[in-house]
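Here's a quick briefing to read with the model open beside you. Have a look around first, then work through the topics below.

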Amino acid sequence: MEYQTLTVSIDDKVAAVTLNRPDLRNAFNEHAIAELALAFDELGRNEQVRAIVLAANGPAFCAGADLNWMKKMAGYSHSENQQDAARLADMLRTIYLCPKPTVAKVQGDCYAGGMGLVAACDIVVASEVAHFCLSEVKLGLIPATISPYVIKAMGEQASRRYFLTAERFDALEARRIGFAHEVVAPDALDAAVAGIVKSLVSNSPHAVREAKRLVREVVGQAVDDALLADTANRIAEIRASTEGREGVASFLEKRKPTWLN
């Protein structure tokens, strides 16, 4: 389809979803929210796609909410605000639950809702010139809709600080608190993301999907009999799967597995 706020491309098993409102610092509105949800839903179901990179055009990654959209929201009723927030929540959940591995490529400043987009991805690579800010309280708001993903990404203690102070912090701090996995020079960003993507597409698609689900569903669980039974069942099922059998056989036979052909 034709996107108005994004570009979407697929090349050699890798999809790129690129925020494309550089003149507005890639701030999102209701149209961008709908298009992001649609793009990640469709790419998640596309069997030709093994990994998705979320990127942005221009000097900023995402400045959060578009000012014109915020002006419209200021006149919304409580019910209209709830419906609007629910659409944003559904979009973030679509990215978070996408069965394909997702990599956020943060080339520039990432503020407010933009941090939610990044936190919903599996792997985050940031340029050392990028800065981050949860600026909502400066406007009398709170980062409620993005909070499940941001808190998971940076932890409770860091969230207490940056939710409350709205301080701007750099990419090295983002890495220190766990929000970013890697921080690289601007001219090394493409290569760093390409290296991670190469690893992702080299692995068993089924195993990658199940490994992603494993992390999401095991985190925070008590190590009890139910969890032990669940994890034992998961490994038993994947050992018996087509790709599980092929992976072990190809290793023993010293050949490439079929998913690399």
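Two strands count as paired here if DSSP finds at least two bridges between them. That rule fits S2 and S3, which run parallel and are joined by 6 bridges, with Ala 15 standing opposite Ile 52 in S3. Keep in mind that this is a predicted model. The notes below cover strands, aromatic pairs, one buried threonine and the two largest pockets.

**Strand S3**

- Strand S3 spans residues 51–56, and 6 of its 6 residues are buried, so the rest of the structure largely encloses it.
- In a regular strand, side chains alternate between the two faces of the sheet.
- Here, Ala 51, Val 53 and Ala 55 point one way from S3, while Ile 52, Leu 54 and Ala 56 point the other way.
- Both sets are buried.

**Strand S6 and its partners**

- Strand S6 takes in residues 123–127 and is mostly covered, with 4 of its 5 residues buried.
- Strands pair through backbone hydrogen bonds, in either a parallel or an antiparallel arrangement.
- S6 pairs with strand S4 (residues 102–106) in the parallel sense, over 4 bridges.
- If you want a landmark for that pairing, Lys 105 stands opposite Val 125 in S6.
- S6 also runs parallel to strand S9 (residues 182–184), and 3 bridges join the two.
- For this pairing, look at Ser 127, whose bridge partner in S9 is Val 184.

**The three-strand sheet**

- There's an open sheet of 3 strands with mixed pairing, in the order S5-S7-S8.
- Its edge strands are S5 (110–111) and S8 (168–170), each of which pairs on one side only.
- S5 and strand S7 (residues 131–133) run parallel and are joined by 2 bridges.
- Cys 110 has Phe 132 as its bridge partner in S7.

**Aromatic pairs**

- Searching the whole structure turns up 5 aromatic pairs.
- One of them is Phe 28 with Trp 69, a tilted pair at 5.9 Å centre to centre, with 55° between the planes.
- This pair links distant parts of the chain, 41 residues apart: Phe 28 sits in the loop between strand S2 (14–19) and helix H1 (30–45), and Trp 69 sits in helix H2 (residues 67–74).
- Phe 28 counts as buried because its relative accessibility is 4%, below the 20% cut-off.
- Trp 69 is buried as well, with a relative accessible area of 5%.
- Elsewhere, Phe 132, Tyr 162, Phe 169 and Phe 179 form one aromatic cluster.

**Thr 102**

- Thr 102 belongs to strand S4.
- With a relative accessibility of 1%, Thr 102 counts as buried.
- Setting aside neighbours within four places in sequence, Thr 102 is in contact with Phe 40, Ile 52, Ala 120, Cys 121, Asp 122, Ile 123 and Lys 212.

**The largest pocket**

- Rolling a probe the size of a water molecule over the atoms shows where empty space is left.
- The largest pocket holds about 860 Å³ of space.
- It is lined by 29 residues, and the closest to its centre are Ala 65, Met 70, Met 73, Glu 136 and Leu 141.
- H2 and helix H3 (78–97) each supply at least two of the lining residues.
- H2 gives the most to this lining, with 6 residues.
- By class, the lining of the largest pocket divides into 20 nonpolar, 6 polar and 3 charged residues.

**The second largest pocket**

- The second largest pocket has a volume of about 510 Å³.
- Of its 22 lining residues, Tyr 96, Cys 121, Asp 122, Ile 123 and Val 215 are the closest to the centre.
- Helix H4 (113–119), S6, helix H5 (147–165) and helix H8 (205–218) are the elements that give two or more residues to this lining.
- H8 gives the most to the lining of the second largest pocket, with 5 residues.
- That lining has 16 nonpolar, 2 polar and 4 charged residues.
- Cys 121, Asp 122 and Ile 123 come up twice in this briefing: they are among the contacts of Thr 102, and they are also among the residues closest to the centre of the second largest pocket.

How values were computed
Residues are numbered from 1 along each chain as its sequence is written. This is a predicted model: local features need pLDDT of at least 70, side-chain atom pairs count only at pLDDT 80 or more; totals for chains, interfaces and linings use all residues. Side-chain values use heavy atoms; hydrogens and water are left out. Buried means under 20% relative accessible area, exposed over 50%, partly exposed in between (1.4 Å probe, protein chains only). Rings of Phe, Tyr and Trp (its six-membered ring) pair if their centres lie within 6.5 Å; planes under 30 degrees apart count as stacked, over 60 as edge-to-face and the rest as tilted. Contact means heavy atoms within 4.5 Å. On a 1 Å grid over the protein atoms alone, a cavity is a set of points where a 1.4 Å probe fits but cannot get out, and a pocket is an open set with protein on both sides within 12 Å along at least five of seven lines; lining residues have an atom within 4 Å of a point. Grid points are joined across faces, edges and corners, and a volume is the space filled by probe spheres set on the points. Ala, Val, Leu, Ile, Met, Phe, Trp, Tyr, Cys and Pro count as nonpolar, Asp, Glu, Lys and Arg as charged, and the others, Gly among them, as polar.
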